[in-house]
Amino acid sequence: MSRTSVKRTAVAVSAVVLLLPLSACGGDAEAGSGSTVTVTVGYQSRTINTVTAGTLLRSLGSFEKQLNSLHDGVHYKVDWQDYATGAPITAQMTAGKIDIGSMGDFPLLINAARGKQLNNPTRLVSVTGYNLRGGLNTIVTAPGSKLNSLKDLKGKKVSTSVGSAADGTLVRALQRAGIDPEGGIEKLNQQPSVGASALAAGSTDALSQFVAWPGLLAYQGKAKAIYDGARLNLPTFHGVTAREDFAKERPAVLEAFLKAQAEATDYLNDHPVDAAEKVAKATGLPAEVVYLYNGAHGIATFDPAIKPRLVSALKQDVSVLKSAKLTGDVDVDSFVDDQYVKKALGSKAYAERLAAKPAPAASEAWPKGASKTVTFNSPSQLLRYVAGHRDALRAAYVPDTTTGTLWFADKAVWVADGDKLLPFVAPDTAQAYVAGHGGARVVPYADALERAS
């Protein structure tokens with residue numbers, strides 16, 4: 001099996017149809033009846049670790065092709081509904097208006113809780129993108145801010161989306177830093193775009209968000225990272241959830257979706273640059289930012305298999321949501337249902353995906369006009385290449401020395417330790433390294449380039 005195992009349209013329907021559950025818009029049609037069934041998919045186009053169940057999947061047309069191959073006498077239409085976060089997808093799902101949705105781990109738990117509470121249960125049926133250390137979430141501040149660490153956030157205004165994975169990272173990170181996540185900061189509950197604007201306007205001191213916001217703001221020169229979520233060393237992921245009644249009524253349709261998701265996953269991993277370009281075109285995000293997360297050695301690994309380690313992390317997330325009074329107890333084991341993805345992929349292929357591991361961390365350069373990136377064995381080698389090709393590069397990426405989280409080379413914090421040049425996502429991680437290595441010191445990016453050339 002290729003490395004694809006390890007890493008990682010819209011049809012208009014009437015307003016009346018959108019307000020009805022599946023069974024009311026053709027869900028009860030018998031095979032061969034010629035009826036039309038609308039399958040409604042909720043996704044987050046700019047939450048780019050869900051692209052294999054949303055943006056990229058839609059761009060490739062894979063789900064529609066799989067539905068056409070069912071040959072069950074039913075005409076299927078796919079209604080793609082795009083949202084900024086997982087919360088409205090959950091609201092629509094529990095109202096019977098969305099059949100399949102994708103969102104991050106904390107929203108997935110809220111999805112499970114709301115579904116049970118409203119007697120319209122949902123099930124986690126596959127995974128999209130994940131990071132085993134938690135690197136999908138980052139805390140950033142303004143470029144010229146004097147804030148450099150979590151401890152600097154005490155008493156400050158911090159924007160996040162309450163109930164999101166990014167909020168979970170903020171809560172856990174503050175707790176580890178000895179700061180009360182409720183009373184120790186002034187938390188602003190804002191949508192990602194609103195928080196980004198607030199950071200630019202100076203009405204918040206920091207922003208804790210999920211992909212692709214931290215990377216986008218850093219790329220644009222509008223933010224600097226002060227905390228890499230991978231320092232928590234706790235898995236974070238995005239996944240696909242489906243209404244239980246929909247899954248039971250139309251298992252073949254759900255399996256078709258999961259087969260299409262697997263195809264999109266393989267496409268992303270086999271053609272990471274092209275996939276990044278497709279997602280960029282669909283979302284308006286810079287392709288360089290998409291690649292940071294979804295590239296060959298990106299922050300996210302894409303695989304539909306529901307790995308036990310991710311389920312274990314999901315169980316640990318429940319306590320965070322309970323403490324924030326966003327949910328009560330959540331029965332994670334009953335929420336997780338991998339029978340459909342197992343059937344869609346086949347038992348052997350599914351077992352192989354379960355055992356697969358993320359690609360190793362590596363430095364990459366993306367030359368202008370190239371359909372592939374250039375990979376290097378060390379950050380120093382990358383810097384030497386960058387120094388000789390400054391005007392011919394779209395982007396250069398390096399993995400954090402401690403966590404392996406990929407970051408833009410020119411936005412990283414660089415440390416010179418003898419002949420070694422070491423990159424870090426955030427200042428406090430770099431300082432922790434310097435404190436433990438005599439003679440090591442933080443150097444500007446320009447200095448790192450000169451040393452390497």
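These exercises work through a predicted model.

**Exercise 1. Find which residues touch the most other members of the largest nonpolar core, and which helix gives the most to this core.**

Solution.
- Step 1. The largest nonpolar core holds 100 residues.
- Step 2. Ile48, Phe63, Leu254, Phe257 and Tyr293 touch the most other members.
- Step 3. Helix α10, residues 251-270, gives the most to this core: nine residues.
- Step 4. Another core lies apart from it, with 19 residues. Ala365, Leu382, Tyr445 and Leu449 are among them.

As a rule, nonpolar side chains in soluble globular proteins tend to be buried together.

**Exercise 2. List the contacts of isoleucine 48, leaving aside neighbours within four places in sequence.**

Solution.
- Step 1. Use the cut-off for contact: heavy atoms within 4.5 Å.
- Step 2. Isoleucine 48 is then in contact with Val211, Ala212, Val279, Leu285, Val289, Val290, Tyr293, Asn294 and Phe302.

**Exercise 3. Decide whether helix α5 is largely enclosed or not, and check its reach.**

Solution.
- Step 1. α5 covers residues 105-117, which makes 13 residues.
- Step 2. From first C-alpha to last, α5 reaches 19 Å, close to the 18 Å expected at 1.5 Å a residue.
- Step 3. Buried means under 20% relative accessible area. Asp105, Phe106, Pro107, Leu108, Leu109, Ile110, Asn111, Ala112, Ala113 and Gly115 are the buried residues of α5.
- Step 4. Ten of the 13 residues are buried, so α5 is largely enclosed by the rest of the structure.
- Step 5. Asparagine 119 follows α5, and its phi is positive, near 60 degrees.

**Exercise 4. Describe the span that UniProt annotates at residues 89-275.**

Solution.
- Step 1. The unreviewed UniProt entry places "domain: SsuA/THI5-like" there.
- Step 2. The span is 42% helix and 25% strand.
- Step 3. Its end C-alpha atoms lie 25 Å apart.

Technical notes:
Residues numbered from 1 in each chain as written. Predicted model: local features only at pLDDT ≥ 70, side-chain atom pairs only at ≥ 80, totals over all residues. Heavy atoms only, no water. Core = buried A, V, L, I, M, F, W, Y, C linked by side-chain atoms within 4.5 Å. Buried < 20%, exposed > 50% of the residue type's maximum accessible area, 1.4 Å probe, protein only. Helix = DSSP H or I, 4+ residues; strand = E, 2+ residues; numbered from the N terminus. UniProt positions renumbered as here; feature names shortened; annotations may be inferred. Expected span 1.5 Å × (residues − 1).
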